[in-house]
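I opened this notebook to record what I looked up in the structure. My entries begin with one residue pair and move outward from there.

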Amino acid sequence: MGKVPIYRRDEGTIDLSFPGNAKDHWERMQKFVTEAANGLPTPTELLDIGCGGGALIEFLISIGIRAIGIDKNSQLSSPSRDIRLGDIHALPFEDRSFNVAYSFGIFDSRQYMLDQETVFGEVKRVLRPEGLYLIQDFDQPNLALARGFEICKSSEYISILKRI
């Protein structure tokens with residue numbers, strides 16, 4: 001895959017050496033969302049939960065999607081308008097702030113100890129009605145704890161939930 005330009009928040013420049021992982025990753029997710037839920041709501045306001053260094057956020061912003069991330073690791077994230085430091089068990093956002101939430105890898109029980117019911121409750125709180133929660137993870141969460149969501153798709157690595 002070709003190189004994808006990505007904005008470097010700290011330098012105010014565009015880095016053309018980004019290997020395209022964020023673009024490839026997002027395009028695969030969009031395909032699943034289109035198949036399961038007829039695409040993303042427009043305009044899209046997305047919360048990336050456990051965003052790490054923010055590569056996906058930077059890519060999404062570059063293509064016109066309003067994206068904000070949250071991560072608890074201050075080593076990976078620097079507070080900015082795009083990335084907030086915080087705990088996913090108590091998301092620092094107003095109710096119904098987003099129409100899409102996304103997470104990759106946060107349910108990995110080898111790395112993180114999550115109260116899944118609380119996480120689902122917080123995601124539901126910050127999503128608008130009919131909002132989508134896109135989960136991509138090698139350890140799929142216990143979807144029985146996702147109260148207030150309809151399961152649009154669930155496979156080995158991807159789940160798409162709609163807030164009801």
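Entry 1. I note that the model is predicted. I looked up Ala 101 and found that this residue stands opposite Tyr 133 in strand 7. I then checked the two strands concerned: strand 6, residues 98-104, and strand 7, residues 127-136, pair in the parallel sense over 6 bridges.

Entry 2. I asked which elements helix 1 touches. Helix 1, residues 21-37, packs on the sheet and touches strand 3, strand 6, strand 7, strand 8 and strand 9. Its direction makes about 125° with that of strand 7. Helix 3, residues 116-126, lies across strand 3, strand 6, strand 7, strand 8 and strand 9, and runs at about 135° to strand 7.

Entry 3. I traced the sheet as a whole. It is open, has 7 strands in the order 5-4-3-6-7-9-8, and shows mixed pairing. Strand 5 (83-85) and strand 8 (149-154) stand at the edges with a single partner strand each, so one side of each has no neighbour in the sheet. Neighbouring strands are turned by 20° against each other on average, direction ignored.

Entry 4. I turned to the nonpolar cores. The largest has 22 residues, and Leu 47, Phe 93, Phe 120 and Tyr 133 are among those with the most contacts inside it. Helix 3 gives the most to this core, with 4 residues. Setting aside neighbours within four places in sequence, I found Phe 93 in contact with residues including Leu 47, Ile 68, Arg 84 and Val 126. A second, separate core has 21 residues, including Leu 40 and Val 100.

Note on methods
Residues are numbered from 1 along each chain as its sequence is written. This is a predicted model: local features need pLDDT of at least 70, side-chain atom pairs count only at pLDDT 80 or more; totals for chains, interfaces and linings use all residues. Side-chain values use heavy atoms; hydrogens and water are left out. Two strands pair if DSSP finds at least two bridges between them. Axes are lines fitted to C-alpha atoms, for helices over the stretch in contact, and angles run from 0 to 180 degrees between N-to-C directions. Contact means heavy atoms within 4.5 Å. A nonpolar core is a set of buried Ala, Val, Leu, Ile, Met, Phe, Trp, Tyr and Cys residues joined through side-chain atoms within 4.5 Å. Buried means under 20% relative accessible area, exposed over 50%, partly exposed in between (1.4 Å probe, protein chains only).
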